[in-house]
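Trainee: I would like to know how the labels on this model are earned. Can we go through them one at a time?

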Amino acid sequence: MTTLAAFLPELVLLLGSLALFVVTLGEGGVALARKVAMGVALAALAAAILSLDQRTLLFDGAYQVDLFSQFLKLVFAAGFVLVLLVGGHLPDIRQDLKPEYFLFLALSLCGLTMLVSSAELITLVVALELSAFPLYLMVPMRREREGQRVQMESAIKYIMFGVAANGVMLFGMSYLYGLGGTTSIAGLAQALRPMAGSPILIAALALTCCGLFYKLALFPFHFWTPDVYQGAAHETAGLIASLPKLGAVAVLVRVVSLAGPDSQALAGLLALLAVASIFYGNLLALGQQDFKRLLGFSGIAHAGYALIGFVAMDQAGYAAALYYLTGYLLMVLACFAVIFLVSGEGANVRIEDLAGLHRRSPLLALTLLVGVFALAGIPPFVGFMGKFALLKAALHKGHLWLVVLAVLNAALAVYYYLRVVREACFRESSDQPPIALSWPSRLLCLLLIAGILGLGIAPGAVLDTLAASLSP
Amino acid sequence: MSGAFPILSALIFLPLLAAGMAALIGQVRLLRWWTLISTLAIAGLSLTLYRDFDPSRAGFQFAEQAAWIPFLNVNYTLGLDGISLLMVLLTTLIAPLCVLASWNYIAARVREFMVCLLVMEGAMVGVFCALDFVLFFAFWEAMLIPMALLIGVWGGPRRVYAALKFFIYTMAGSVLLLVAIIALYVQAGTFNIPDLMGRPYSASFQCWVFLAFFVSFAIKVPIFPFHTWLPAAHVEAPTAGSVILASVLLKMGAYGFLRFSLPITPHGTQVFTPYVLWLSVAAILYGGLTALAQTDLKKLVAYSSVGHMGFITLGIFALNAQGIEGAVFQMVNHGITTGALFLCVGMLYERLHTRELDLMAGLGKRMPVFATFLGVFCLSSLAFPGTNSFIGEFLVLSGAFSRSALLVLVAAPGVVAAAAYMLRLLQRVAYGGTHNPDHAAVADLNLREVLTLAPLLLLVLWIGLHPELVAGLLRPSVAHLVQQATQAAALAGR
């Protein structure tokens with residue numbers, strides 16, 4: 001019975017996916033599929049809350065249910081609800097594929113929830129693939145029309161890079177297995193302890209991280225990001241930009257801690273990647289015209305910020321990184337919600353298209369303002385607290401230059417975020433009609449604003465939970 | 001003492017609460033009255049601080065403390081000393097005047113404007129009350145959003161440029177402040193500001209921290225040559241925005257020097273003092289000469305601010321009791337006088353829709369009441385004896401003189417320039433030349449406008465004739481500060 005309770009969120013998602021599969025076979029259409037998907041998401045949220053205090057090992061130790069995994073499952077379930085709210089009736093997905101879209105969405109979420117519980121390399125790979133493959137399929141599901149044919153190209157880029165990164169990751173894992181003689185992460189941690197700092201272990205870990213860096217869109221594994229953001233439908237891009245990144249960071253915590261607490265070589269490597277990622281993302285974002293591409297490049301920079309927590313290689317750093325990504329999920333979803341509601345038909349939104357948004361819809365302008373200032377790291381929003389926690393953890397370990405470069409980049413980044421604010425709040429529109437918001441959209445906007453503000457002002461509970469879940 | 005009532009928290013969060021209520025009010029008239037009444041009530045509440053403050057003690061009073069984020073060791077700590085008390089009172093006094101000044105001037109999106117104004121007030125009070133460095137930084141940065149919106153949405157023709165420049169400049173300045181805050185934490189293990197003071201940090205560490213502080217505060221003050229955002233922002237902002245910028249925001253930079261640079265990094269202060277002093281003198285001369293050349297009334301007042309702020313930093317870095325006392329005096333005075341001048345400029349602009357000095361010539365004939373107000377504020381701005389600024393400027397100069405006579409000698413032309421540009425302004429507006437533009441249709445001040453300016457006029461004369469009103473509050477705090485800055489420096493120097 002306890003096994004069932006511990007496995008409840010995954011079970012709900014699996015059964016829900018099955019139900020969605022049945023729906024896709026029938027003639028029920030998109031309305032039914034959406035209702036079922038929303039029901040599954042809410043049930044998963046309830047299940048995640050119910051199983052929050054479950055602690056057990058399942059399937060011969062391959063599957064670890066602890067506070068860490070259960071808390072992140074809760075975040076994923078909440079994110080699932082938000083993503084469904086953002087996506088609405090999927091106006092930009094091919095008509096005949098809409099029910100299947102919901103099926104793949106649920107499957108991908110199922111993969112993510114399993115990912116954070118994986119305590120063994122093979123399980124981890126399976127969960128990672130389960131979360132990734134539906135995404136590969138969802139990208140090209142965008143409606144084809146005049147001037148919007150990039151979805152196929154971006155889907156192929158996404159798959160090719162994904163498969164290549166996975167290959168490298170599996171190669172790294174083979175080394176880990178060769179060194180430790182086991183695929184269990186706990187077993188590896190024990191077996192690898194005498195080898196801490198040896199070049200072969202660093203190489204194996206670095207290669208293993210590649211697959212996760214790809215999900216996180218970290219330099220130099222970022223090449224797919226802007227194209228996929230631009231090519232995929234808004235609802236898909238919003239998903240790709242948020243939840244899988246949190247999953248990747250969660251797994252990264254387990255992998256990086258295999259190196260031992262003071263591996264200078266790995267810390268140096270991660271610091272290098274973080275700085276390169278931050279600079280690359282911010283500098284390229286400066287010149288972007290398409291809002292989604294801008295978010296793509298800013299996402300690369302934010303991945304770099306999250307990595308700062310791993311450079312610290314301690315609990316404070318990991319907790320800060322997970323907190324930051326949880327906040328990032330809300331911030332980026334706020335931006336995507338605005339994109340989705342502004343574009344209506346699903347066409348890509350250039351930054352100039354946001355002009356006069358404050359007149360067309362004050363609530364959307366406010367949501368965008370909060371989301372963008374949070375991404376820029378201005379208090380009292382979650383983006384600031386997250387950056388502060390990360391920088392504090394890194395400076396505590398003496399990484400002064402990393403911290404200085406990171407904050408200088410925050411000043412650099414503020415320029416392109418302000419460009420968005422300028423269009424949305426300072427410019428007048430040329431006779432654009434007002435945007436009428438339905439009540440679920442209003443609710444979504446208010447939820448996101450409240451989340452970004454609440455997590456920024458009162459981060460204590462989340463940070464404490466994360467820290468408690470990371471303590472051995 | 002007011003017992004357990006958390007008055008500082010009330011002063012921070014009541015404006016935010018009022019802003020939340022204002023967001024729900026749809027009717028414009030009601031909205032204006034609501035904002036006015038709530039800011040007046042907050043000002044009234046802040047007066048109890050004045051009543052309950054014990055001026056004989058140097059430490060922080062009205063202290064409040066609560067755990068905020070234990071994981072990061074960040075606490076919610078508030079408290080006031082004499083210096084910050086004056087700044088809080090200035091802020092709460094200015095807020096209702098800003099509402100009055102925007103009564104008819106702001107016609108579009110009144111609700112958003114009032115919300116921004118109230119949020120701004122809460123954040124500004126927070127900056128002066130915070131005794132936790134992270135809390136301080138959060139208020140310090142959060143303030144940028146409503147301020148940039150005030151400039152960018154309701155400002156003049158080049159508002160977008162001015163708003164972005166203001167935001168980017170200030171934000172870029174304060175990023176290194178954040179690093180310094182965390183670096184101090186790594187050394188001392190606390191974010192509590194009083195606990196960070198007087199610790200034996202190494203000399204080179206102090207120098208780096210001082211520089212990080214300096215960039216951030218110097219941009220806010222602004223010290224020459226970091227001032228280029230100021231004319232743009234002041235000129236383009238709506239009247240209320242200009243008043244807030246001039247009266248309160250500029251003071252935050254000076255407050256930062258007094259609260260952080262001097263007591264936390266006394267050795268760094270000693271090392272860099274000569275450079276800052278000469279930059280201050282440069283600001284005095286530059287501000288004075290540039291103001292002399294302006295034909296745009298608002299630009300004139302904006303550049304005069306650069307000069308006045310030069311006096312303030314000159315007084316602070318004289319590093320003696322007289323200089324610092326004079327500097328705090330000038331912070332209050334500049335807040336009152338320059339705020340009043342910006343209000344006057346706004347009133348003229350509402351009537352004439354221009355800020356060109358030549359087009360305003362001879363207005364005194366049509367607007368005698370206005371000319372009287374303007375006359376007193378101009379005299380106060382050039383530090384005429386009997387007005388508030390005289391005593392402050394005198395203290396600053398005598399403090400600086402005892403440090404270096406050469407400094408004061410070089411700065412003296414700036415004082416003369418201040419008299420020149422202010423009297424030129426007054427002469428043009430009040431009397432004009434032989435051929436003045438036709439102002440037959442211009443009406444004198446109405447009751448609302450008189451009520452906006454009257455409190456400031458009262459303070460100009462009251463402080464001018466009875467300086468003990470301000471001096472009594474800040475003497476122990478300043479003495480304590482001077483002691484911290486010099487004693488700890490001697491310790492580190494050994």
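Trainee: Why is helix 6 (residues 144-154) of chain B called largely enclosed by the rest of the structure?
Mentor: Because 11 of its 11 residues are buried. Buried means 20 or more other C-beta atoms within 10 Å of the residue's own; 12 or fewer is exposed, anything in between is partly exposed, and C-beta atoms are placed from the backbone. Among the buried residues of helix 6 of chain B are Leu144(B), Gly152(B) and Trp154(B). Helices here are DSSP runs of H or I, at least four residues, and strands are runs of E, at least two, numbered from the N terminus.

Trainee: What should I keep in mind about the source?
Mentor: This is a predicted model: local features need pLDDT of at least 70, side-chain atom pairs count only at pLDDT 80 or more, and totals for chains, interfaces and linings use all residues. Residues are numbered from 1 along each chain as its sequence is written, and chains are lettered from A and ligands numbered from 1 in the order written.

Trainee: What makes helix 3 and helix 4 of chain B roughly antiparallel?
Mentor: Their axes cross at roughly 175° and come within 9 Å. Axes are lines fitted to C-alpha atoms, for helices over the stretch in contact, and angles run from 0 to 180 degrees between N-to-C directions. Under 35 degrees is roughly parallel, over 145 roughly antiparallel, 65 to 115 roughly perpendicular, the rest oblique. The pair is therefore roughly antiparallel.

Trainee: Which residues make that contact?
Mentor: Contact means C-beta atoms, placed from the backbone, within 7 Å. Helix 3 of chain B gives residues including Ser84(B) and Met87(B), and helix 4 of chain B gives residues including Leu117(B) and Glu121(B).

Trainee: Why does Phe59(A) count as partly exposed?
Mentor: Phe59(A) has 13 C-beta neighbours inside 10 Å, so it falls between the two cut-offs. Phe59(A) sits in the loop between strand 1 (56-58) and strand 2 (63-65) of chain A. Its phi is positive, about 50°, although it is not a glycine.

Trainee: And what makes His353(B) exposed?
Mentor: His353(B) has 8 C-beta neighbours inside 10 Å, so it counts as exposed. Its loop lies between helix 14 (321-352) and helix 15 (368-381) of chain B. His353(B) also has a positive phi, about 55°, and is not a glycine.

Trainee: Why single out a positive phi or a cis bond?
Mentor: Because most residues other than glycine have a negative phi, and most peptide bonds are trans. A cis bond joins Phe219(A) and Pro220(A), with omega about 0°. Another joins Pro379(A) and Pro380(A), with omega about 5°.

Technical notes: Two residues are in contact if their C-beta atoms, placed from the backbone, lie within 7 Å.
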